[in-house]
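Me: I am new to this structure and would like to understand how its descriptions are reached. Could you take my questions one at a time?

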Amino acid sequence: MALLEIQNLNITYKTDKKEIRAVKDFSLNIDTKDSIGIVGESGSGKSTLAMGILKLLPKGTTKTTGKILFDGVDLLELTEEEFRKLRWKDISVVFQKSMNSLSPVHKIGFQMKDIYRVHEPDARDEEVRKRILELFRFVNLSDRVYNLYPHELSGGMMQRVSIALSLIYYPKLLILDEATTALDVVTQGQILDEIMKLEEALDLTRIMITHDISVVASSCKKVVVMYGGCLLESGYVYDVLVNPKHPYTQGLLNSFPDFIGEKKDLRGIPGSIPDLSLEYKSCIFTNRCKKAKSICFEKIPKIKTFPNEWNVACHLLGGFDGE
Amino acid sequence: MKKYIWKKVLTGILTIVLSFCFTFFLIRCAPGNPIKVLAGTDNPNPELIEHLTTKYGLDKPISVQFINYLKNVLKGDFGYSYISNESVTKLIKERMFPTILLTLTSSILSLVLGTFFGVYAARKVGTGIDKFMCGLSYIIDATPGFWLGMILILIFASTFKILPTSGMYDIREDYQGIYKALDVIKHMILPCITLCIIQIPLYFRMARSSVLQIMSEDFILTLRATGMKENRIFNKYILRNAIIPTITMFSLSLAFTISGVALIEIVFAWPGMGRLIMDAIKNRDYPLLTGIYLMISISICIVMIITDIVYALMDPRIRYE
């Protein structure tokens with residue numbers, strides 16, 4: 001059974017004048033021990049999706065509909081208090097700006113201990129300390145970090161602290177929201193390696209949100225391509241990134257250089273991301289799609305499934321009627 | 001930490017010495033001089049003027065005056081007021097206590113109340129009560145303190161006759177012990193309320209905006225994601241971070257009020273430093289002025305050093321600079 005099943009998820013930001021549909025009709029299954037990379041441009045709804053799963057979006061100004069089944073329980077149906085019991089214990093997250101992910105005036109050890117006590121209020125000091133130091137060793141940090149303040153660490157070290165913190169209860173699902181974006185490639189590589197090792201050891205399921213396809217290629221099993229709040233293509237990394245079916249994925253890959261083989265021209269996708277406050281009755285990518293046919297302007301494409309859990313939302317595949 | 005404190009203390013001493021020298025010369029640069037005040041303006045007698053000038057040593061070059069004064073100060077002698085002929089030390093001593101009593105009480109009260117209201121408004125941000133409190137804070141901020149003082153006297157002293165109009169003691173009675181203290185408290189209520197009302201909006205806005213700012217920080221999101229209860233996040237993390245700017249504010253306003261409550265003191269005839277300063281300036285009473293300025297710079301420096309130390313204790317980021 002899938003660990004996380006997202007069904008027809010819609011997330012809308014409401015302002016006085018307009019509604020911005022940041023995530024549209026998004027469905028995705030994530031199995032236990034999967035590692036899924038969600039890629040897309042800025043503003044494609046990746047982070048909103050993550051915040052939606054974590055139920056961290058401001059309640060007054062957002063509306064979330066659909067289903068997010070986690071272990072068979074719909075997270076959106078849970079009350080805040082019920083979901084609070086799952087937070088961090090089952091689903092934890094590493095945010096992009098790790099430098100600010102802890103309070104600047106409390107020691108790191110103190111905060112981690114405090115966070116551990118959220119769900120284990122009776123834990124003894126010694127026990128908690130042992131657990132935290134064990135996690136530090138996991139992510140290659142020295143013990144003395146326990147007694148330091150966040151500002152005394154470098155960006156890379158704080159990133160490790162964040163990762164250690166996210167693993168404090170050995171959660172089932174770990175969401176990394178641009179967690180390595182701010183790091184240099186060497187540190188990023190190290191941390192990705194560590195995360196993959198931890199995954200083996202702890203049976204983690206991981207969602208990795210990034211706009212860096214190389215990160216997904218090197219560290220994830222599956223990939224989801226998002227654009228304008230919609231899922232355009234998903235499947236195994238070696239299928240989707242090697243032989244993309246969707247014109248957008250193809251364009252995205254053309255804008256990255258290859259490490260091996262001949263140098264070829266890098267090409268961006270002309271145009272910019274769609275205005276999400278408008279309602280689209282066509283494929284969201286049509287306006288920038290070089291291969292667009294008349295049908296693309298008329299209908300929203302249905303998701304077509306290909307062998308090997310390969311899903312693509314494009315009219316051009318599998319016959320023009322698309323039904 | 002020890003090194004940090006030493007550095008702050010040394011900086012403080014240097015500041016005091018520099019400001020002492022500056023004020024000594026600056027006062028003497030100001031137009032007018034105490035001899036003219038003493039001799040009177042109607043029909044000044046040139047002989048009297050000459051006599052007084054020699055008596056107070058004002059005929060000597062300013063550098064000699066400075067060195068003489070410095071010698072005396074190092075011996076602990078601040079001289080005598082030209083006008084009242086009383087010892088400067090005694091005059092300041094008499095006035096220091098009432099001012100410190102008034103400013104410290106009102107500053108601490110405003111700090112506590114203002115911060116409390118600010119935090120409350122921040123928790124209710126966007127609601128009617130928050131908007132009301134913000135609006136009110138601007139109105140009060142625009143109210144002159146001396147006017148407010150007079151209105152309070154009008155209401156509570158003249159109309160309802162429940163509080164005394166002015167002064168620090170009831171001069172008709174000779175209370176002792178606890179009754180004396182109660183009498184002082186009774187006299188202090190109105191000036192204290194006035195000072196509080198004009199200071200609370202500052203703390204209110206500072207606390208409100210800094211709580212709001214901290215609430216939008218990334219680490220609050222992390223803590224929410226961990227499932228920590230909102231109240232705990234607020235009491236343990238938001239408040240602790242948000243209180244830091246308030247400390248700066250407190251020390252700045254404290255340093256200011258030690259010398260700056262003159263208007264309020266005059267309205268309530270409070271026997272404090274404020275009026276002493278005003279009179280000394282008006283009369284160009286050099287020894288008294290220099291003494292007062294020295295006192296003020298010392299007290300400001302002490303407040304600043306304490307603030308820096310408290311600040312360092314509260315915020316580890318500035319501790320080891």
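Me: What makes residues of chain B count as being in contact with chain A, and how many are there?

Reply: This is a predicted model, and the test for a contact is that two C-beta atoms, placed from the backbone, lie within 7 Å. By that test, 17 residues of chain B are in contact with 20 residues of chain A. On the chain B side, α9 (218–225) and α10 (230–260) each supply at least two residues. The most comes from α9(B), with 6 residues.

Me: How do you know what kinds of residue chain B brings to the side that touches chain A?

Reply: They are sorted by residue type, with Asp, Glu, Lys and Arg counted as charged. The result for that side of chain B is 7 nonpolar, 4 polar and 6 charged residues.

Me: What makes β6 and β11 of chain A edge strands?

Reply: Two strands pair if there are at least two bridges between them. In chain A, an open sheet of 8 strands follows the order β6-β7-β8-β3-β9-β10-β12-β11, with mixed pairing. Here β6 (91–94) and β11 (304–306) of chain A each pair on one side only, and that makes them the edges. On average, neighbouring strands of this sheet are turned by 20° against each other, direction ignored.

Me: How do you know that β7 and β8 of chain A are paired?

Reply: At least two bridges are needed, and 5 bridges join β7 (residues 173–177) to β8 (residues 205–210) of chain A. So β7(A) and β8(A) count as a pair, and they run parallel. Leu174(A) stands opposite Arg206(A) in β8(A).

Me: Why is one side of β2 and of β5 in chain A left without a neighbour in the sheet?

Reply: These strands belong to an open sheet of 4 strands in chain A, ordered β2-β1-β4-β5, with antiparallel pairing. β2 (19–31) and β5 (73–74) of chain A are at its edges and have a single partner strand each, so one side of each lacks a neighbour in the sheet. The partner of β2(A) in the next case is β1 (residues 2–14) of chain A, joined to it by 9 bridges. One of the residue pairs is Ala2(A) with Asp31(A) in β2(A).

Me: Which strands does helix α1 of chain A lie across?

Reply: Helix α1 (residues 46–53) of chain A lies across β3 (35–39), β6, β7, β8 and β9 (222–227) of chain A, at about 145° to β7(A). α1(A) also lies across β1, β2 and β4 (62–70) of chain A, running at about 70° to β2(A). Helix α5 (residues 155–166) of chain A lies across β6 and β7 of chain A, at about 175° to β6(A).

Me: What makes a set of residues a nonpolar core, and which residues have the most contacts inside the largest one?

Reply: Its members must be buried, which means that 20 or more other C-beta atoms lie within 10 Å of their own. The largest nonpolar core has 142 residues, and Ile38(A), Ala164(A), Met208(A), Val225(A), Leu232(A) and Ile292(B) have the most contacts inside it. Helix α8 (residues 177–215) of chain B gives the largest share, 14 residues. Among the residues touched by Met208(A) are Ile38(A), Leu176(A) and Val215(A).

Me: What secondary structure does chain B have, and how does a transmembrane span fit in?

Reply: Chain B has 13 helices and 0 strands. The unreviewed UniProt entry places the feature "transmembrane region" at several spans of chain B, including residues 100–122 and 143–164. Residues 100–122 of chain B are 100% helix, with end C-alpha atoms 32 Å apart. For residues 143–164 of chain B, the helix share is 68% and the ends lie 23 Å apart.

Terms used
Residues are numbered from 1 along each chain as its sequence is written. Chains are lettered from A and ligands numbered from 1 in the order in which they are written. This is a predicted model: local features need pLDDT of at least 70, side-chain atom pairs count only at pLDDT 80 or more; totals for chains, interfaces and linings use all residues. UniProt positions are given in the numbering used here, feature names are shortened, and annotations may be inferred rather than shown by experiment. Axes are lines fitted to C-alpha atoms, for helices over the stretch in contact, and angles run from 0 to 180 degrees between N-to-C directions. A nonpolar core is a set of buried Ala, Val, Leu, Ile, Met, Phe, Trp, Tyr and Cys residues joined through C-beta atoms within 7 Å. A residue is buried if 20 or more other C-beta atoms lie within 10 Å of its own, exposed if 12 or fewer, and partly exposed in between; C-beta atoms are placed from the backbone. Lists of a residue's contacts leave out its neighbours within four places in sequence.
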